[in-house]
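Me: Could you take a close look at the surroundings of the ligand in this model for me? I'd like to know what lines that site and how the part that contributes most to it sits in the rest of the fold.

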Amino acid sequence: MSTVIGNGGFAEESAIEAYGLGKRYRRGWALKDCSFRLPAGRICGLVGPNGAGKTTLMGTAVNLLKPTTGTVRVFGAAPGSEEANRRTAFLAQEKPLFRRFTVAEILRLGRELNPRWDQKTAEEIVRSGNVPFTARIGTLSGGQRTRVAFALAFGRRPDLLILDEPMSDLDPLVRHELMSVLMAEAAEHGTTVLMSTHMLADLENICDYLIVIASGGVRLAGEVEDLLTAHTLLTGAHTGEGVPQDLARHTVVESRVSGRQVTALVRPDGPVAGTWQACTPNLEEILLAYLRSPDTPPLISPSAQVDPKAAAA
Ligand SMILES: Nc1ncnc2c1ncn2[C@@H]1O[C@H](COP(=O)(O)OP(=O)(O)OP(=O)(O)O)[C@@H](O)[C@H]1O
């Protein structure tokens, strides 16, 4: 199992490590050359445009899909192994639950199949949404079914919870409530969460770690705090064509001209020369700039990097 020495000098366990992960269907590559590490204990947002391969990536981590290239490990174990299965829960986008079962029967099934089952937490999640325990799954609304799927996932008391766009069919109040449950559970038990989302509010309010994938692989990965502080948003006078000379030694993620003003999102490599107004960008500005600029070199924080040699070990 690989570990990395973190800032405090403690060895941090890896929840997920992906090495050159790729999946090819007949139509082409769904996921390509994806390498990253998710340290244990983080709540990580997985972001990317439609079709970037987020569901595919999650599918390989829970052994629903076999990668075409590369490998993925969950707590150092192969997906599908007893160790990985015991420690991981997956909530798929379409929330497949047995439609003819009642809510109580589904929870009983969860209890019987999982040695670490936490009935109290599972029941509380169902009860706080006033979902009747006697109702059949097939008669529930989409949002209620999501709530029951959440209860099943949390009831398993996983070390790693993988959620594929979990909030897409929930009303704002329920989203808020279930996100609070998610954060409280994760904080109490040190659960690692990998959650794909298109909602920037989820990222800003919940996630402390971020992985951005696009057609060319991983574009950004690391602690949200580190990703924010690595960038500066500069505004100055537009004096000529192309990237301003002052910025030539820095990584310019994106620059845009509006009238006589130029705005540039930059990864500064030391102090920036010239007359610029500088501010810290927000997560949305960084995300959009990277997704619009496929040629910008990716930024992978040290904590999110894998050692390619470890893939063969
Ligand atoms: N079973 C399949 N057969 C063929 N192509 C597939 C299959 N599953 C996914 N794909 C393709 O792989 C690519 C990645 O799909 P995936 O569902 O992983 O993306 P995503 O990032 O989760 O997208 P979204 O944000 O829209 O949910 C898409 O182009 C999709 O059409």
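Reply: Sorted by class, the shell around the ligand holds three nonpolar, six polar and two charged residues. Please keep in mind that this is a predicted model. The residues in question are Y25, R27, A30, G48, N50, G51, A52, G53, K54, T55 and T56.

Which element gives the most to this shell? That is helix α1, residues 54–61, with three residues, so let's follow α1 into the fold, starting with a general point: an α-helix has 3.6 residues a turn, so residues three or four places apart point the same way. In α1, seven of the eight residues are buried, and the helix is mostly covered. The buried ones are K54, T56, L57, M58, G59, T60 and A61. Two of these names, K54 and T56, also appear in the ligand shell. Just past the helix, N63 adopts a positive phi of about 65 degrees.

Now to what α1 rests on. Seven strands make up an open sheet with mixed pairing, in the order β6-β7-β8-β4-β9-β10-β15. At its edges stand β6 (88–91) and β15 (299–300); each has a single partner strand, so one side of each is left without a neighbour in the sheet. α1 packs on this sheet and touches β4, β6, β7 (160–164), β8 and β9 (209–214). The direction of α1 makes about 150 degrees with that of β7.

Two of the strands that α1 touches, β4 and β8, pair with each other: β4 (residues 43–47) and β8 (residues 192–196) run parallel, over four bridges. Within that pairing, C44 has L194 of β8 as its bridge partner. Another helix, α9 (residues 283–292), lies across β4, β9 and β10 (217–223), at about 20 degrees to β9. Both helices therefore involve β4 and β9, as the packing of α1 and the placement of α9 show.

Stepping back to the whole chain, the protein has 10 helices and 15 strands. Its radius of gyration is 21 Å, close to the 20 Å that the globule rule gives for 313 residues, so the protein is as compact as a globular protein of that length. Along the principal axes, the C-alpha atoms fill a box of roughly 70 × 45 × 45 Å. Of the 313 residues, 38% count as buried. Among contacts with a separation of 6 or more, 69% come from residues 24 or more positions apart.

Technical notes:
Residues are numbered from 1 along each chain as its sequence is written. This is a predicted model: local features need pLDDT of at least 70, side-chain atom pairs count only at pLDDT 80 or more; totals for chains, interfaces and linings use all residues. A residue is near a molecule or strand if its C-beta atom, placed from the backbone, lies within 6 Å of it. Ala, Val, Leu, Ile, Met, Phe, Trp, Tyr, Cys and Pro count as nonpolar, Asp, Glu, Lys and Arg as charged, and the others, Gly among them, as polar. The radius of gyration is taken over C-alpha atoms; the globule rule is 2.2 Å times the number of residues to the power 0.38. A residue is buried if 20 or more other C-beta atoms lie within 10 Å of its own, exposed if 12 or fewer, and partly exposed in between; C-beta atoms are placed from the backbone. Two residues are in contact if their C-beta atoms, placed from the backbone, lie within 7 Å. Two strands pair if DSSP finds at least two bridges between them. Axes are lines fitted to C-alpha atoms, for helices over the stretch in contact, and angles run from 0 to 180 degrees between N-to-C directions.
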